[in-house]
Amino acid sequence: MAAPRGAAVVLAMVLAAMVVAPPATVHAAISCSTVYSTLMPCLQYVQQGGSPARGCCTGIQNLLAEANNSPDRRTICGCLKNVANGASGGPYITRAAALPSKCNVALPYKISPSVDCNSFD
């Protein structure tokens, strides 16, 4: 009979620890490599102009749909900011910044080297 009682005590301690423990922090599930590969169909438009490929607009829509928490939104913003920093100057940044409107997607932040990604919840 000692074993069942001991198991009940251990179970009670584990349950108490779960109730008292702070909630786990939400971490970004999206990585920059995911962002870059998802937006790869946009590269031709950014480099050459014209109209964005259908896969480009679908990629932007999918990223926006997947960004369902603050860490994901901040990660996507930071990845896009890194791309914007690399493309600053010339027509590339202008075209990249125009992608959301060209694709009829309401992105909550600008594609810009000066965007503050910490302000997005």
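What is the volume of the largest pocket? The answer is about 420 Å³, and the tour below works towards that pocket and then past it. Keep in mind throughout that this is a predicted model.

**Whole chain**

Start with the entire chain shown as a cartoon. There are six helices and zero strands, so named because only DSSP runs are counted as elements. Read from the N terminus, the order is α-α-α-α-α-α. Next, colour the 121 residues by accessibility: buried ones make up 30% of them. Switch on a surface, and about 7600 Å² of the chain is accessible, with 61% of that area belonging to carbon and sulfur atoms. If your viewer draws contacts, look at those between residues at least 6 apart in sequence; 76% of these join residues at least 24 apart.

**The largest pocket**

Now select Leu39, Cys42, Leu43, Val46 and Val83. Among the 22 residues that line the largest pocket, these five lie nearest its centre. To see where the rest of the lining comes from, select the helices H2 (32–38), H3 (43–48), H4 (54–66), H5 (70–87) and H6 (91–102); each of them supplies at least two lining residues. Colour the lining by class and the result is plain: 21 residues are nonpolar, one is polar and none is charged.

**Helix H6**

Stay with H6, one of the helices that contribute to the pocket lining. Draw a distance between its end C-alpha atoms, and the value should be 15 Å. The twelve residues of H6, at 1.5 Å a residue, should span 16 Å, so the two figures agree.

Which residues of H6 are buried? Select Ile93, Ala96, Ala98, Leu99 and Pro100 to see them. Then add H3, H4 and H5 to the view, since these are the helices that the buried residues of H6 pack against.

**Asn104**

Move on to the segment after H6, where Asn104 is found. Its phi is positive, about 55°, although Asn104 is not a glycine. Most residues other than glycine have a negative phi.

Is Asn104 buried or exposed? Its relative accessibility is 71%, and the cut-off for exposed is over 50%, so Asn104 counts as exposed. The tour ends here, at an exposed residue that follows H6.

Notes: Residues numbered from 1 in each chain as written. Predicted model: local features only at pLDDT ≥ 70, side-chain atom pairs only at ≥ 80, totals over all residues. Heavy atoms only, no water. 1 Å grid on protein atoms, 1.4 Å probe; cavity = no way out; pocket = protein on both sides within 12 Å on 5 of 7 lines; lining within 4 Å. Points joined across faces, edges and corners; volume = space filled by probe spheres on them. Helix = DSSP H or I, 4+ residues; strand = E, 2+ residues; numbered from the N terminus. Nonpolar A, V, L, I, M, F, W, Y, C, P; charged D, E, K, R; others polar. Expected span 1.5 Å × (residues − 1). Buried < 20%, exposed > 50% of the residue type's maximum accessible area, 1.4 Å probe, protein only. Contact = heavy atoms within 4.5 Å. Areas by Shrake-Rupley, 256 points an atom, 1.4 Å probe, with all protein chains shown as cover.
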